[in-house]
Amino acid sequence: MSTLTVDQPGKSVLMMGNEAIARGAIEAGVNFCAAYPGTPSTEIAESLARVAEHFGLYAEWSTNEIVALEAAAAASLAGLRAIVAMKQNGVNVCSDFLMTISLSGTKGGLVIVAADDPSAISSSNEQDSRNFAKFADLPLLEPATFQEAKDITKWAFELSEKLGLPCMIRSVTRLSHSRGNVKLGEIPEGRPVARFEGAYIAGAFVAIQHSALHQKLEQAREAFEESEFNWYVGPEDAKFIIVTSGSGWFYSREAVAALGLGEEVGILKIGTTWPLPERFIIDHLRQATEILIVEEVDPFLEQNIKVILSEQAKTLGPIEVYGAKSGHLPGFGDINQDKVARALASIKGLEYRTRDEVYAQRASDLALPILPPRMPTVCPGCPHRASLWAIKAALKLDGRDGFVTGDIGCYSLGAGPAGFWQLKTLHCMGAGTGLATGFGQLGQFGFNQPVISVCGDSTFFHAAIPGLINARFNNSNLLMVILDNGGTAMTGFQPHPSSGYDALGRPAPVVEIEEVCKAIGVEVKVRDPFEVDQAIEDLYDMLQEDGVKVMVFRRKCYLVESKEKGRKRVFVEPEKCIGDDCGCARFCSRVFNCPGIIWDQEAQKAKIDEVVCTGCGVCATLCPRGAIVVEGG
Amino acid sequence: MEAGKGPVDLEKEVLNEGLCASCGACVGICPYIKVVKDRVAIIEPCGISEGQCYDFCPRTPTDIAALERRIFGEESPDSSLGSYISIEMAQARDSETRSRAQYGGVVSALVTYAMNQGEIDAAVLTRPFDGSLMPTSVMAEQSSQVLGCAGSSYITSATLAELNKATKQPRGAIGVVGIPCQVMALRKMQASKHETGAKGVKLVIGLFCTWALSYKGFNEFLKGKVDPSSIKRIDIPPPPANILVVHTKEGTMEFPLDEIRGSIKPTCNICYDMTSELADISVGMVEGIDDWNTLIVRTPEAKRLIDKAKQDEVIESRPLEESRLDHLREASLNKKRRAISEIVKRTGDEKNLLYLRLSDGESRKFL
């Protein structure tokens, strides 16, 4: 049973941060959820979709984040409560609408959750989406605890409705993806009737609208002054105060405790970070002479608090500010208790050691030999490995120094050994095809290298179609390879327009990728990348033709396939394996390098790691000696 | 055979120099070397410094005298046509075979006969006009497949790759029909210390060859002129016609040879062998006589087969007129002179003949 349906107010439940956000939406009586999957935001919409039928709410996976936001905004304009969740990059995608919906305003509560990925553990960039709230003049809330993740979300709906503005919540990986106890609230009953009235026009008297928006923000500031999500802990007369938000709260509390500074250092935790509650902040900084600002990624709080300090210089007197600018904290990457403690110790002139040196040495002596060095790779059985090998082979056979422009998906790993280093550009969703359409126009400048853009099936719908149309319209030269593994695989195989089912698992109409391509008017072929030699030949042939061509490499994500259809046993017949000899040279374990294939150092033969292998069998077709066997063929 | 060389050297000395003959000898041994159409590439270096790929290549250093000793028991006494027992004119008795063949149908008839007689169990052949300009390589296991492979498309396919595949699924005695570069590579495979599919080859029929066209070049040349899928036969009539004739379902088209010369594979210009001198049997055209072949029998085993085929009325033969023989010798010598001169142009050194390891005496004849 989902923790979202537990109807026992006051009960404490262990929840993932993203579930807590979803629960907050349920407790706010959310009616509509739209999202595009993206780490670390995915579980918010996923949890809501799971209980959609139970609560009679609507949930969808949208084709991209701007469509998700627009769809959710429609529900708001019809008076419903709507939530849209996305990863940091999604905010960039939806920003065009964001900058105008703030002007037209909204009706029912509309909450935008932006989940940032500090250190870019699962992203192509690192960004601080809080800047978008300031940029678009929207109120911004930052939960610091699991309880707050729920409570802030619930309150955000009320605030949004009160202001007639979307409200933005910023989470980070450490909050979204870890778990803590959450005390449940009540689940409201009843479903409102949706009705659209009036007009929401951004662009009419924009300057006046903009000024009205600023007034709404002032109202938000007033509400924030009294917010329960801002608090202070520590001595009343602390001269040294940590000002923090979001994940910084836990780290700061632990760092203060670790250094035994509880008697002299206070922590001012802000949950409403744009616009800042100025009076609240001034009140708590009156005694302070030094402050350390702890936050994840950009010095957002730091710079905005410095503005307040400068405006209030007469009242507050000189206050030394430590943070990213002073170099005590990085201003990039994720932070942790250790980084905060080091910053604090360095300011305070204290010695701080995370752990005993002898212990640290013993731990590393023990751990290192058993941890083999590993490069990031795609899963065992991943069709992208075969696709990228075919691409590499076709480009090599072509012999004109062709290259691959990539974008975002599992196949982004093709920029490394998992894809034989084939991707030579990597930016955002759809960028590979956009770049390729430009490269394909450089013939008049002596450019003769063939260009292959790769994009996933979900990415195709999300962002690559305009690039393809542009290529067709402007007569570019490119080969677009759509790596169709049947779902939005990187985030957990959520459905997309050609999957045939929707966010709730119900059958859905199929938008055929090849039909879209044909309608655009380009040549399209569909092939199975596991038929490697055929794939190579067809790619090679397509590279010889001028114009815009599309190859769809269709093969379902094998992690999913093996779960659905069962896993075939794959094994090596050692007497056939020629290992290091001419004719093989450990192709399977060294070059093709599927994690399911290992090299038996003792026997000097390849071996299948049956725990890891998904049974896809592509290695059996590539083995030059037929030494790899798939049981049952 | 040069020791200590592998794929990196093959790429540098042969592939990057445009000298690959696309014979297929290096294809199918390992997962690193691939062929599409007549383009061969090393997808990724395997890291092995001494490889079969380099060993087998007809464009890596080749001690021709050593190969001749291995095949014929002696070095060739004849600089123009290689070792041989007899040279004559021949044709298939069966008129259907003749009508489908390029010339006299001797090759198709002999391969079919050898299979039917159990002399060979399978034959590595090249099938032209398989719906495209690009011929396909075939490992024929039924004699009924042979006639479908009659005729020439003037484009090489990586036929020898079929032999490398045979290491995965061993077959019995194999016959091979190939052009001179393929025959040379095959002989290198047989001479190699490695276990190869060529070890099972019991009959080698070599074709005469002046040059072959690159698929890409010829395909582009024909674009807009001829639908490749409708081609039934391509022929180059003897001089002074100087044309290439394409027979299609719709009719016949002629193209001046000079317009096509740009598509000749560069490697053909350094080829020293017109008559497949290392084959058991060599077969080619007889200038001016459409439905007869020139037949060169080189080994005693081949002679036995030919005699039997004549006895069984599979082929018939006539003596080749002296003037025609002289003409053949001259054509072969001309190819050798052109090749040596082209090689020296490339190397700038009369002592460096690239892949050819000839005795000083032998090379001096052509310089």
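What is the accessible surface of chain B, and what percentage of it belongs to carbon and sulfur atoms? Here are a few notes for you, bearing in mind that this is a predicted model.

1. To take the opening question: chain B exposes an accessible surface of about 14900 Å², and carbon and sulfur atoms own 47% of it. Of its 367 residues, 57% count as buried.

2. On overall dimensions, the C-alpha atoms of chain B fit a box of roughly 50 × 50 × 45 Å along the principal axes. The radius of gyration is 19 Å, which agrees with a compact globule, because a chain of 367 residues would then be expected near 21 Å.

3. Chain B contains 12 helices and 15 strands. Among its contacts with a separation of 6 or more, 68% link residues that lie 24 or more positions apart.

4. A word on charges: chain B carries 46 positive and 50 negative ones, and the mean positions of these two sets are 3 Å apart.

5. Now the interior. Nonpolar side chains tend to be buried together in soluble globular proteins. Here the largest nonpolar core has 134 residues, and Phe460(A), Val481(A) and Leu163(B) have the most contacts inside it. Helix H16 of chain A (residues 383-398) gives this core its largest share, 9 residues.

6. You may like to inspect Phe460(A) on screen. Leaving aside residues up to four places away in sequence, Phe460(A) touches several residues, including Cys455(A), Ile465(A), Leu468(A), Met480(A) and Val516(A).

7. There is also a second, separate core of 81 residues, with Ala25(A), Leu98(A), Ala156(A) and Ala220(A) among them.

Note on methods. Residues are numbered from 1 along each chain as its sequence is written. Chains are lettered from A and ligands numbered from 1 in the order in which they are written. This is a predicted model: local features need pLDDT of at least 70, side-chain atom pairs count only at pLDDT 80 or more; totals for chains, interfaces and linings use all residues. Side-chain values use heavy atoms; hydrogens and water are left out. Helices (H or I, at least four residues) and strands (E, at least two) are DSSP runs, numbered from the N terminus. The radius of gyration is taken over C-alpha atoms; the globule rule is 2.2 Å times the number of residues to the power 0.38. Buried means under 20% relative accessible area, exposed over 50%, partly exposed in between (1.4 Å probe, protein chains only). Contact means heavy atoms within 4.5 Å. Accessible areas come from the Shrake-Rupley method with a 1.4 Å probe; for residues, only the protein chains shown count as cover. Lys and Arg count as positive and Asp and Glu as negative; His and the chain ends are not counted. The place of a charge is taken as NZ of Lys, CZ of Arg, CG of Asp or CD of Glu. A nonpolar core is a set of buried Ala, Val, Leu, Ile, Met, Phe, Trp, Tyr and Cys residues joined through side-chain atoms within 4.5 Å.
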